[in-house]
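Dear colleague,

I am handing over the structure we spoke about, and below it you will find a short account of what was found. Please keep the sequence and the structure open beside the text as you read.

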Amino acid sequence: MAIEWARLRAAAGEAARHGYAPYSRLLVGAAALTADGRLLTACNVENASYGLTLCAECGLVSMLHAGGGGRLEAVSIVAGDGEPLLPCGRCRQLLMEAGGPSLLVETATGTARLADLLPAAFTGDDLEERREPPT
């Protein structure tokens, strides 16, 4: 599947313009291409209680599941200026669940596999292997 990074970045930039960021004033947009070819977008939504803030990546994963599920193949996250913005650690973990280690992430210097941005990630396999037996 050929990934049109300029198209993804433009869609993320458009989503960022709809963000709600009255506290940090950092608008963030995310756009992703799914394995079945869908284009998903989302923006950040801040809250006065910072812990309740929704990152654009959270919205993206929600859109993935609301639209029938599947896997993310490529993602572009940008700030309000349209330039690539790397996801924070929490969002990298969310993206790992939605796209796996081979998910391609646009960075300021090119693309990177999510496995390289989040080495030794915690996954569902870890839960299965470490879960205590029922009592």
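**A buried leucine and its surroundings**

L8 has a relative accessible area of 4%, and because buried means under 20%, this residue counts as buried. Please bear in mind from the start that the model is a predicted one.

Where does L8 sit? It belongs to helix α1, and this helix, which covers residues 5–16, packs on the sheet, where it touches β1, β2, β3 (72–79), β4 (104–107) and β5. The direction of helix α1 makes about 50° with that of β3. Leaving aside residues up to four places away in sequence, L8 touches I3, A31, A32, L33, L39, A74, V75 and S76. For a sense of distance, you could also look for M96, which is 88 residues away from L8 along the chain, with 19 Å between the C-alpha atoms of the two.

**The sheet**

The sheet on which the helix packs is an open one made of five strands, arranged in the order β2-β1-β3-β4-β5, and its pairing is mixed. Which strands stand at the edges? They are β2 (39–43) and β5 (110–113), and each has a single partner strand, so one side of each is left without a neighbour in the sheet. From one strand to the next, the twist averages 25°.

As general background, the strands of a sheet pair through backbone hydrogen bonds, and they may do so either parallel or antiparallel. Here, strand β1, which spans residues 28–34, runs antiparallel to β2, and five bridges join the two. One residue to look for is A32, whose bridge partner in β2 is L40; A32 is also among the residues that L8 touches.

Towards the other edge, β4 and β5 also run antiparallel, joined by four bridges, and T107 stands opposite G110 in β5. The connection between β4 and β5 is a hairpin, which passes through two residues.

**The largest pocket**

Finally, the largest pocket holds about 200 Å³ of space. It is lined by 15 residues, of which L26, V28, C55, E57 and L85 are the closest to its centre. What classes of residue make up the lining? There are 10 nonpolar residues, together with three polar and two charged ones.

With best wishes for your reading of the model.

Technical notes:
Residues numbered from 1 in each chain as written. Predicted model: local features only at pLDDT ≥ 70, side-chain atom pairs only at ≥ 80, totals over all residues. Heavy atoms only, no water. 1 Å grid on protein atoms, 1.4 Å probe; cavity = no way out; pocket = protein on both sides within 12 Å on 5 of 7 lines; lining within 4 Å. Points joined across faces, edges and corners; volume = space filled by probe spheres on them. Nonpolar A, V, L, I, M, F, W, Y, C, P; charged D, E, K, R; others polar. Pairing = 2+ DSSP bridges. Axes fitted to C-alpha atoms, helices over the stretch in contact; angles between N-to-C directions. Contact = heavy atoms within 4.5 Å. Buried < 20%, exposed > 50% of the residue type's maximum accessible area, 1.4 Å probe, protein only.
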